[in-house]
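User: Could you take a close look at one part of this model for me? I would like to understand how the two helices towards the end of the chain are placed, and then hear about the salt bridges.

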Amino acid sequence: MDHSEFRVKAKEMVDYIADYLENIRDRRVYPGVQPGYLHKLLPKEAPQQPEQWDNIFRDVDEHIMPGLVHWQSPHMHAYFPALTSYPSIMGDMLSSALNVLCFTWASSPAGTELETIAMNWLGKLLGLPDCFLNEKNDSPGGGVIQTTASEATLVSLLAARTRALMELAKLNPELQTSELLGHLICYCSDQAHSSVEKAGLIGLVRMRYIESDEHQSMRGDKLEEAIATDKEKGLVPFWVCATLGTTGSVAFDNLREIGNVCDRHGAWLHVDAAYAGSCFVCPEFRHWLDGVEMADSFAFNPSKWLMVNFDCTAMWVKDSTALHRTFNVNPIYLRHENSGKAIDYMHWQIPLSRRFRALKLWFVLRNYGVVGIQKHIRESVRLAQKFEALVLADPRFEIPQPRNLGMVAFRLKGDNALTERLLKRLNARGYIHAVPACFKGIYVIRFTVTSQRTTNQDILDDWNEIKTVAKEILLDVFGSENGNIVVPKKPRISLRETRELNATFGTSLLLANSPMSPKIVNGTHVAICDYEQVLTSCAQTFAQLKMEPKDSPEMRRRIRGIKMCGKKFSLDSCMDMVQGLMVEQSLPQCCEDNEDVSNGSSPGDRSSHSSSPVTSIGTIKQHPDSDTNQLQVPLPPSRQFRSKSVDVSLSGLSLDDAKITIDVKNNEIIITPTSSKDVAEEINASKSSYSDIEEKLNIGEKITQAFENFQDGLQMLSDYKSTVEKEKDDDTKLTIRGPGSYIKKLIQQFSEGPFEGEDPKPESERAMSTQSIKDRADAICKKCLHYKGKISK
C-alpha cells in the first residue's frame, strides 16, 4: 500500500468505523459461533504473494465481525465497561502513525512530559492528594500510565516486597533473601479481583484473604485480627490491597480503617479502583475516597469507564524511589545527559518499551472536559438506577446486594440453578450479554451499564428480554410464569363499596380526563388534602413551577363539572380550579356571601350583590332570559388588552356599561347595555347608528376581515355610548355573529387581559407571581371551595 492508496483506504476505514459505532445497536451483541469456527474459514499459512486490500477487508466483514463480542453495544452488560470514543480513537491513530517509544525522556521528550502533565490533570480531577502528583522536579510522588490494572497491582506488590526485604536484611544480615521471602505475607479481601491473587503467585509470597462483611466490604478489625495472628506465627505483613468497587458487587472496602491498620504495622497499602475510580470525577462519589491519603499507591482504568480505549491504566505512587529500587536497570545505551533531571518511565514499570498512551488520554480530557465526563458518569449511574427499579418491581427477582454506581447484581428467587439457567439462555439468544458472580454462596447475574450509547429504551428492551426468558424457564420448571412465587392479586373495589365506606370519596377522581390520572381504586392513590391549606399550597406550587395560565373549552367544562359534583375534590381538581383563577375564569358565588345576604345583612350590603350584573372581576351572573347552557362573561374594565391576534382599546366602556353573553352553540356574542330605565325611544331614534355598529361587528363568514373591522366596530360602539348618555333598556342587545374560531378569538379579548392595576404583558410572559396567585387562592371559600366574588389587593 502506497501513500495514495492509503489516503483513500484510510478514509474508507474512518467511514467504516463511524458506521459501525453509529449502528452498533442493530448488531447481535454475543456471537453464535463455536470454538474453531475461524480455523475452518482462513488459510493455514500466510500468503506468498501480496493481496489486494479490498480482499483483505472483505474477510473482516465476512469472517471476523460475525465472531466478535461487541463491547461498545448498549446491550453489552458483561464484565465492566471497556469504552472508546472518537477523540480516543484519533489519539490512537496518531500514536500508531508516530509510533514513538517513551521509555526515557531522551527517547521522546514530548511523550514523557505529556504523560506527566496528563496524569497530574487526571489526579486533580479525581481529587487525589498532592502527594500523588508530580508538579515539581523534586516531587517524590507522581503518576504513570500502565497497561492494565493487573500490571499496576503487580508493580505495587513487587515494590513493597523490595522495600520489606531491604528492611529485613538490615535486621537479619545472616539470612539469605530467599529465606526472608518465606516470611512475607500480604492481604486482600475475599472479594478482590483475581489479578491480586495472580500478583501473589508471581511475587512468590503468601496471600491471605480477609472475610468481608455483609456488604462485601473488608473492614479494619478483621484485618487487624488476621495480622496479629500471623505475627504470632513469625510472619511479616508487608502489603495490603484495598478494593474500591469490587468485581462481584461494586462494594467498597473501608479505606480509612484499613489505612490505620497498615500504618501501625508498616505495610504498603495499594488501592485497586479499576472500575470505580472513574466515578471520583464527580464530587458526590468521593466519600468512598476517605482515607486515600494513607495509601502508598492508587490505580484505576480510564480504559473502562472514562472512554479512553484500551490499554490505559493510571497509577500514582507516593514515593517513586520504591519503584526505582525495584525496576532500575541502567545499561550504557539507555543513559543520557539529562538522567535524573527528568522522569524516565522505564524505571516505573516491568517492560522497557512503552507506547505513546498519554496522547489519547490528553485528547479525551480536552475534548470532553470535566463537565462532559461528569455528565457521562452520572448518566450511567442513572440508567443503572432505572434497571434496579425495574427488577425490584418484579416479585420474581431480587437484588441480594445494594446497587452501587452502574452495576446491578440480580437473580431469580429460589435455587441458584434457576439464575444460572437464565443467564445461559440469555447469552445463547445473543440479544444481551452478561456474566455471573457469586458471593457467600449466592449466584447472581451482573448487569453493568457499559456503553455511553445506552438509552432508557435500551434498558427497557433488555429488561423485557430478561422477563421473556425468565417466563419461559419458570413455565418449564414450575408450570407457571411466576414460578413458586405467590403474587397476591390486587383487590377490586367497586364504586358502591367505596362510597359506602366514604361518601365523599372518589367522585372528583372520575371527572379527571387526564390519561394517567387515578380512577376509583382502593385508596392508595388518592391525594389526602388539608382543605384549610390546599389552595395556598397549590398557588405556591404553581408559582414555583412558573406555569403559564392556560384556558380552553375542555378546561372550562372540567371546572363546571367539578363545581357540580360536591364539596370534596381531589388534589388535581383543586389545582385546576386555581389554574382557572389564573386565567380569570369565573367561579360560582360563595355560599357565605349568600348566607350573609339572607341572614339580615344591611340593604346597602344586599345592593352591593344585586344592583349590578357584575359584582367584581371574574364573577358570573346569569341573565334571567338567557339559556342556562350559555356562558356569560362580564365586560372587562377599561384598559389595553393584549392578545395574539389584535390590540383592542376599549377606552369608552366600563364594567357598569354592558355585559357580554357568549352563545357557544350558535357562535354568537350578545352585548347587552345595562339599565333600569326605559329608553326605547332613544334607541329607535338612533337605530341607524346602532345598526352600523352591528354590521361592523357581525362579519358572518368573512373571517379574513374580522379583526380589521373589530377594532373599528368597538370604537364606533364607544363613540355611540359617549353621545347617547342615557341608559339603555335591558332588552336592547347587540349581536355579533361569526364562525366559531372568530367567536373564540373575541372571547380571548375579554378573558386574557391583565387584572386592573397590573401592567399588560404578552402571553409568553404572563407568569403569575406568588403573591398574585395567593390573592386569588384567598378568594376561595375554605368551606365550599366556591369563589367569594372579591379579591383582596
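Analyst: Happy to help; here is a walk along the two helices, followed by the salt bridges.

A word on the ground rules: this is a predicted model, in which local features need pLDDT of at least 70 and side-chain atom pairs count only at pLDDT 80 or more, while totals for chains, interfaces and linings use all residues. Residues are numbered from 1 along each chain as its sequence is written, and side-chain values use heavy atoms, with hydrogens and water left out.

Let us begin with α13, residues 416–429. Helices here are DSSP runs of H or I with at least four residues, and strands are runs of E with at least two, numbered from the N terminus. The expected span of a helix is 1.5 Å times one less than its number of residues. For the 14 residues of α13 that gives 20 Å, and the end C-alpha atoms are 20 Å apart, in agreement. At the start of this helix, D415 brings a side-chain oxygen to within 2.9 Å of the backbone nitrogen of A417, a polar contact (a pair of N or O atoms within 3.5 Å; within protein, one must be able to donate a hydrogen and the other to accept it, and residues adjacent in sequence count only if both atoms are side-chain atoms). After α13 comes G430, with a positive phi near 85°.

Which residues of α13 are buried? They are L418, T419, L422, L423, L426 and N427. Because they cover an arc of only 160° around the axis, they lie on the same side of α13; the arc is that of the directions from the helix axis to the C-beta atoms. K424 and A428, on the other side of α13, are exposed. Buried means under 20% relative accessible area, exposed over 50%, and partly exposed in between (1.4 Å probe, protein chains only). The cover over the buried residues of α13 includes β8 (397–398), β9 (407–412), β10 (435–439), β11 (442–448) and α14 (456–478), where contact means heavy atoms within 4.5 Å.

That brings us to α14 itself. Its 23 residues should span 33 Å at 1.5 Å a residue, and the end C-alpha atoms are 32 Å apart, which agrees. Buried here are D458, I459, D462, W463, E465, I466, V469, A470, I473 and L474. Among the elements that cover them are α12 (358–392), β8, β9, α13 and β11. Just after α14, G479 has a positive phi of about 75°.

Now for the charged pairs. Side chains of opposite charge can pair when their charged atoms come close. A salt bridge is a side-chain nitrogen of Lys or Arg within 4 Å of a carboxyl oxygen of Asp or Glu, and by this rule the count comes to 27. One of them joins R354 to E115, with the closest N and O atoms 2.6 Å apart. This pair links distant parts of the chain, 239 residues apart: R354 sits in the loop between α11 (321–327) and α12, and E115 in helix α4 (residues 109–126). Both R354 and E115 are buried.

Another salt bridge pairs R264 with E224 at 3.0 Å, N to O. Here R264 belongs to helix α9 (residues 255–265) and E224 to helix α8, 40 residues apart. Finally, salt bridges that share partners join R421, R425, R429, E465, E472 and D476 into one network.
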